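Please open the model in your viewer and keep the selection panel at hand. The tour below goes from one selection to the next and says what is to be found at each stop.

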Amino acid sequence: MSFKELIALIGLAALWGASFLFIRIAAPIFGPILTIEGRVSIAALALVLYLVITRNSLGFRKRWKQYIIIGALNAAIPFTLIATSALYLTASMSSILNSLTPLFTAIIVWGWLNESLSIRKWFGILVGVIGVVLLVGWSTIPFTKEIIIAIGLAVLSTISYGFAGVYAKKTFVDVAPISLAAGQQIAASILLIPFTIFNLPNTTSNFSLIPILAVLALALFCTAIAYLLYFYLIENVGPTKTLSVTFLIPVFGMIWGVLILNEKITMGMLVGFIVILVSVFLILDIKLPTKSKVLQHNEL
């Protein structure tokens, strides 16, 4: 990677890591559904504006059914599940649990596309399960019914992301990535409208500038701008290197949680986080450069 591309990768990880912070701030005030409706609607407007400026086509009428499905799987459902779990979980733990997405994607690819998984990947899945057990079991968070449900919802969001990734790979082969990003946000916004209407807060007395700014930041920075960085990296360094952002998101999720929300990082969280990252490393089949390749690169 060039220095510019490395900065883009770190920026993407910082923005996506910050999304758990902003959700943690906004969801208790506005409620999970209104928070996410604000996120996807504002992001959709920003991305559509970008499409107009760059003269790209959205093609929503032609593919509206597919956009509805991907909008549900990759935005409306997982965003809402994460926002609901954020009522009880710290931003740090939410970001770590979110890194399970490659694990469930591998399982879904195996079950849906009938692609065989190597022993390395099966071992990675087992390691991932152990990581979750350590993360949850070695935690100072009290095991109430609400906490257990919140953890389940956070894990379900990664399963939804897994289905979304496989569906997008099968369905949107000839669609520009930026059009896909805008289309799914529009579809998610439409899908959440009826749920938002019936789940509006009973009072606006708790509304203040900080949670409003959190929603704006969540939509504009963590969604619209983050997608632009994501597709910039996909185009310039390829999907494999871009996937390395998976390792960095929980790091920034924990950093923002500690710095902004004064969250505490426990030994159980660190150990669980490291084990889950090892799992992701195995599942993504990332290979370390050999000594000969390193020497060759240095000679160049």
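**First stop: the N-terminal helices**

Begin by selecting residues 3–30, which form helix α1, a run of 28 residues that reaches 39 Å from its first C-alpha to its last, close to the 40 Å expected at 1.5 Å a residue. Bear in mind throughout that this is a predicted model. If you follow α1 along its length, you come to a kink of about 25 degrees, centred on Ile 23. Just after α1, select Gly 31, which takes a positive phi of about 90 degrees.

Next, select residues 32–54, helix α2, whose 23 residues should span 33 Å at 1.5 Å a residue, and whose end C-alpha atoms are indeed 33 Å apart. Showing side chains here is worthwhile, since α2 has a set of buried residues, among them Ile 33, Glu 37, Arg 39, Val 40, Leu 47 and Leu 51. The buried residues of α2 pack against α1, α3, α8 and α9 (209–237), so far as contacts show. After α2 comes Arg 55, where phi is again positive, near 60 degrees.

**Second stop: a helix crossing**

Now colour α3 (residues 60–85) and α8 (residues 177–197), whose axes come within 6 Å and cross at roughly 70 degrees. That angle makes α3 roughly perpendicular to α8, because angles of 65 to 115 degrees are counted that way. The residues of this contact divide into 15 nonpolar, seven polar and no charged. On the α3 side, you can select residues including Phe 60, Tyr 67, Ile 70, Asn 74 and Phe 79, while the α8 side includes Leu 180, Gln 184, Ile 186, Ile 190 and Leu 192.

**Third stop: two buried residues**

Move on to Ser 92, which lies in helix α4 (residues 91–98). Ser 92 has 0% relative accessibility and therefore counts as buried, the cut-off being under 20%. Leaving out residues up to four places away in sequence, Ser 92 touches Gly 253, Met 254, Gly 257, Glu 263, Ile 265 and Met 269. Add Val 258 to the selection as well: Ser 92 and Val 258 are 166 residues apart in sequence, yet their C-alpha atoms are 8.0 Å apart in space.

Finish at Pro 250, which is placed in helix α11 (residues 245–261). With a relative accessibility of 1%, Pro 250 also counts as buried. Apart from neighbours within four places in sequence, Pro 250 is in contact with Ser 95, Ile 96, Ser 99 and Phe 273. A distance drawn from Pro 250 to Ala 44, C-alpha to C-alpha, comes to 25 Å, with their positions 206 residues apart in sequence.

Technical notes: Residues are numbered from 1 along each chain as its sequence is written. This is a predicted model: local features need pLDDT of at least 70, side-chain atom pairs count only at pLDDT 80 or more; totals for chains, interfaces and linings use all residues. Side-chain values use heavy atoms; hydrogens and water are left out. Helices (H or I, at least four residues) and strands (E, at least two) are DSSP runs, numbered from the N terminus. The expected span of a helix is 1.5 Å times one less than its number of residues. The bend at a residue is the angle between axes fitted to the seven residues ending there and the seven starting there. Axes are lines fitted to C-alpha atoms, for helices over the stretch in contact, and angles run from 0 to 180 degrees between N-to-C directions. Angles under 35 degrees count as roughly parallel, over 145 as roughly antiparallel, 65 to 115 as roughly perpendicular and the rest as oblique. Contact means heavy atoms within 4.5 Å. Ala, Val, Leu, Ile, Met, Phe, Trp, Tyr, Cys and Pro count as nonpolar, Asp, Glu, Lys and Arg as charged, and the others, Gly among them, as polar. Buried means under 20% relative accessible area, exposed over 50%, partly exposed in between (1.4 Å probe, protein chains only).
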